[in-house]
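Please find below my notes on the model under review. The points are numbered for ease of reply.

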Amino acid sequence: MQRTAPDPRPEPAPEPPGLPVLPELADRLAAGAGRAEPEPPGGSGELRTAAAGYAERRGPAADPDRLLVGPGAPALLLALYAAVGGAVVLPRPCAAWYAPPARLLGRAVHLAPVPAESGGAPDPFAFLETVRRARMEGAEPGVLVLSVADDPTGTCPPPELLHEVCEAAVGEGMWVVSDETRRDLLHDPHDTVVVSPAEMLPADVVVLTDLRATLLPASWPVGVVRFPAGERGAALRAAALGALTAVSTPLPGPFADAAGYALGEPAAVRARTAAAARLHGTLAAALYRTLTAAGALCRPPHSGSHLYADLEPLRRRLSAAGVTGAAALERELAPWAARGGHRFGDDPGALRVRLSTDALLGPDADARRSVLDAPDPLRTAPVAEALTGLDRALTALTTGG
């Protein structure tokens with residue numbers, strides 16, 4: 001078990017901007033630009049109804065009164081932590097935005113390692129041991145956060161593992177928050193099974209989704225959280241809404257209008273999501289081949305736009321190049337939007353790093369659009385040059401060339 005701590009090192013360059021803004025969304029945002037009033041805390045009835053339809057198309061029916069819509073998933077997670085109380089248990093590694101809201105509230109964060117086959121959810125036995133040790137230190141864990149389609153590893157935990165660890169969390173009296181942000185970005189939907197924990201344990205699971213991964217551009221922060229039915233779920237929603245209101249960071253009206261349109265999933269939005277999933281799958285597979293050919297270990301990616309590489313087998317050769325930890329590896333691979341494992345709760349001394357397929361798309365909107373529209377993205381100049389550059393960088397680091 002390891003507690004997270006603030007990282008004193010400077011932040012790397014911002015994340016790549018991702019795919020170009022869908023014209024229909026840009027038009028909707030422009031149409032709402034004259035709206036001066038923000039959304040009410042938690043979202044208007046109209047916006048929550050759109051979010052309920054989006055949720056119902058992916059699982060059981062969702063009453064709009066069981067949802068909250070807010071300015072991005074991190075803000076909603078902060079409200080959830082405030083509402084639940086207690087310490088937080090996270091997978092190791094996990095998305096970089098899971099731990100900071102807990103730190104802001106002064107809550108202890110405990111990390112439970114993921115199993116060898118996938119990220120997103122901790123190994124059930126490691127989870128129970130983490131809870132036991134947390135209690136020995138005087139903490140009382142109140143919530144487990146996991147992901148059905150993981151950032152940083154780009155993998156999906158199997159349903160049986162999710163069920164086992166969720167049952168363990170509920171047995172320990174904890175809430176489960178299921179991050180389902182990237183569930184629509186499966187690289188091969190026929191090969192990867194994703195089941196929401198809310199379908200397994202509906203009374204104890206809160207579903208959190210950041211719309212920026214699939215429906216909206218990366219710079220438009222809108223998130224949705226769905227609570228269980230019943231008195232416990234209603235009480236938790238009321239407490240989270242109170243926290244969200246107290247933070248006083250309303251969702252801008254124009255963003256809410258665009259989000260409502262996107263949540264309805266018209267044909268253009270559905271087509272873009274499907275195209276993005278195919279593209280990220282192609283690019284992630286190419287990154288995987290490049291990394292493993294250089295000698296890195298890596299779980300085959302199945303979803304989203306990231307993958308997580310372990311270069312420990314190359315430690316002796318990397319040490320000769322002055323690369324002895326995650327931060328140094330991040331600096332060396334910065335052109336590929338590298339983020340060292342220390343940013344995801346991993347051991348700072350380990351040679352693990354997350355890479356992004358968005359870094360292969362090119363420097364501007366025209367280049368990214370050309371890659372998105374290409375019959376074979378790997379043959380486009382931005383992608384080919386980025387992959388060749390990564391191969392050369394890895395060769396230079398591991399051979400001294």
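1. Asp150 is buried in this predicted model. Its relative accessible area is 3%, and the cut-off for a buried residue is under 20%, so the assignment follows directly from the computed value. The residue is found in a loop, with strand 5 (141–147) on one side and helix 6 (159–171) on the other.

2. Which residues does Asp150 touch, leaving aside those up to four places away in sequence? They are Gly119, Gly120, Thr155 and Ser303. For Gly120 there is a further detail: a polar atom of the Asp150 side chain lies 3.4 Å from the backbone nitrogen of Gly120.

3. A distance may help the reader to place Asp150 relative to another part of the chain. Leu76 and Asp150 are separated by 74 residues in sequence, and their C-alpha atoms are 18 Å apart in space.

4. Glu180 is a second acidic residue to be examined in the model. Is Glu180 buried or exposed? Glu180 is buried, since its relative accessible area is 5% and the limit for that class is under 20%. Glu180 is located in the loop that runs between strand 6 (175–179) and helix 7 (197–200).

5. The surroundings of Glu180 can be described in two parts. Its side chain makes a polar contact, at 2.8 Å, with the side chain of Ser178. When residues up to four places away in sequence are not counted, Glu180 touches Val148, Ser196, Pro197, Val207, Leu208 and Thr209.

6. Turning to the whole protein, the secondary structure consists of 14 helices and twelve strands. The radius of gyration is 21 Å, close to the 21 Å that the globule rule gives for 401 residues, so the protein is as compact as a globular protein of that length. The C-alpha trace spans about 65 × 55 × 40 Å along its principal axes.

7. Contacts and burial should be read together with these dimensions. Of the contacts with a separation of 6 or more, 71% are between residues 24 or more positions apart. Buried residues account for 56% of the 401 residues; Asp150 and Glu180 are among the buried ones.

8. The final point concerns surface and charge. The accessible surface of the protein is about 15,900 Å², and carbon and sulfur atoms contribute 55% of that area. There are 37 positive and 46 negative side chains, and the centres of these two sets lie 4 Å apart.

Key
Residues are numbered from 1 along each chain as its sequence is written. This is a predicted model: local features need pLDDT of at least 70, side-chain atom pairs count only at pLDDT 80 or more; totals for chains, interfaces and linings use all residues. Side-chain values use heavy atoms; hydrogens and water are left out. Helices (H or I, at least four residues) and strands (E, at least two) are DSSP runs, numbered from the N terminus. The radius of gyration is taken over C-alpha atoms; the globule rule is 2.2 Å times the number of residues to the power 0.38. Buried means under 20% relative accessible area, exposed over 50%, partly exposed in between (1.4 Å probe, protein chains only). Contact means heavy atoms within 4.5 Å. Accessible areas come from the Shrake-Rupley method with a 1.4 Å probe; for residues, only the protein chains shown count as cover. Lys and Arg count as positive and Asp and Glu as negative; His and the chain ends are not counted. The place of a charge is taken as NZ of Lys, CZ of Arg, CG of Asp or CD of Glu. A polar contact is a pair of N or O atoms within 3.5 Å; within protein, one must be able to donate a hydrogen and the other to accept it, and residues adjacent in sequence count only if both atoms are side-chain atoms.
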